[in-house]
Amino acid sequence: MQILQNLQRLTTQAKLRYQEFRLYDAASYMLNHLTPRQSFELNQDIAYGTKARQLLDIYRTKHPLPQRPVIVFVHGGAWQHGDKKDYVFIGEAFTREGYDVVVLNYHLAPQHIFPSYIDDLTLALNYLDQHQQELHISTEQLILMGHSAGAFNVMSAIYHPTPYTLECRSKIKVVIGIAGPYHFDYKGDPIAQDAFDQNIPYHEVMPYYFVDHNPIRHCLVVAENDQVVKKSNSDDLDQQLRQCGNYSQIVMIPKTGHITVLGSLSSLFSWHFQTKQSILKFLDEALKAS
């Protein structure tokens, strides 16, 4: 009876989470439709690899900051869902502040599992670094930002059981994880289990276990009412980063949930939340210190 009850509970949780993602699809469509586009020039569907999902979009700001920093944004969706076209509002939110923004697609589960989506991110970062002149961007001040599964991806590109050949690693100044899962057991998880090899223990995968000392500044954004990813993920990673002598800061955003914390970055709503201003303040201080 207990097993059946646990199964029913997990099934209910999965249905609720998938419903959140479907609602987010509709909400992001409206956000993108209403988002102003005066602050950027958009270059779409740039191939960073040879496979169909290996595409990225570049939002070039019309009013660049002196250092010309670039934000590489990685979307969430439980590693099974999402598309770069849904994040125009992210490109606009930061190009209006002087940042160039890159949004990329990556391979999705269940057809592709860990570490394929980390492979994609590493490939994209190396591509951007190698082709920055022809792309009219600079990777000298590189910022990685991800939401949910995307936050896991950006952390794993740096903290991984098999270190990647990341040619631009020394240029990564900031990593921003928004509602990220960095330290959890995916075995039997109704959302995440299809994105990982169930025969590999989570402590051989999670970025929490592979943190090393480096000068990167870490900002872990937590939604106050997140019902999908536990705050302990950020607490644990923050503690591990600090123990290794790294700079880390947790930013709690009131009145937001797992999905709404990202939507609160939209210029349509950012005045009502602390999310964007907190991130901009962190970026300003981090880039001045680098």
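Here is a short walk through the aromatic rings of this structure, which is a predicted model.

Let's start with the wider setting. An unreviewed UniProt entry places the feature "domain: BD-FAE-like" at residues 56-241. That span is 25% helix and 19% strand, and the C-alpha atoms at its two ends lie 30 Å apart.

Now for the rings. A pair of aromatic rings is described by the distance of the centres and the angle of the planes. Searching the whole structure turns up 20 aromatic pairs. Take Tyr 186 and Phe 196: their ring centres are 4.4 Å apart with just 5 degrees between the planes, and this pair is stacked. Both residues sit in the loop between strand E6 (172-178) and strand E7 (217-223), 10 residues apart. Are they buried or exposed? Tyr 186 is buried, and Phe 196 is buried too.

These two also have company. Ring pairs join them into a cluster with Trp 79, Tyr 106, Phe 114, Tyr 117, Phe 152 and Phe 184.

Next, look at Tyr 247 and Phe 282, a tilted pair with 6.0 Å between the centres and 50 degrees between the planes. Tyr 247 belongs to strand E8 (residues 247-253) and Phe 282 to helix H8 (residues 275-289), so this pair ties together parts that are 35 residues apart in sequence. Phe 282 counts as buried because its relative accessibility is 4%, below the 20% cut-off. Tyr 247, at 35%, counts as partly exposed.

Tyr 247 has another partner as well: the charged end of Arg 217 sits over its ring, 4.1 Å from the centre.

Key
Residues numbered from 1 in each chain as written. Predicted model: local features only at pLDDT ≥ 70, side-chain atom pairs only at ≥ 80, totals over all residues. Heavy atoms only, no water. UniProt positions renumbered as here; feature names shortened; annotations may be inferred. Helix = DSSP H or I, 4+ residues; strand = E, 2+ residues; numbered from the N terminus. Phe/Tyr/Trp six-rings, centres within 6.5 Å; stacked < 30°, edge-to-face > 60°. Buried < 20%, exposed > 50% of the residue type's maximum accessible area, 1.4 Å probe, protein only. Lys NZ or Arg CZ within 6 Å of the ring centre and 35° of its normal.
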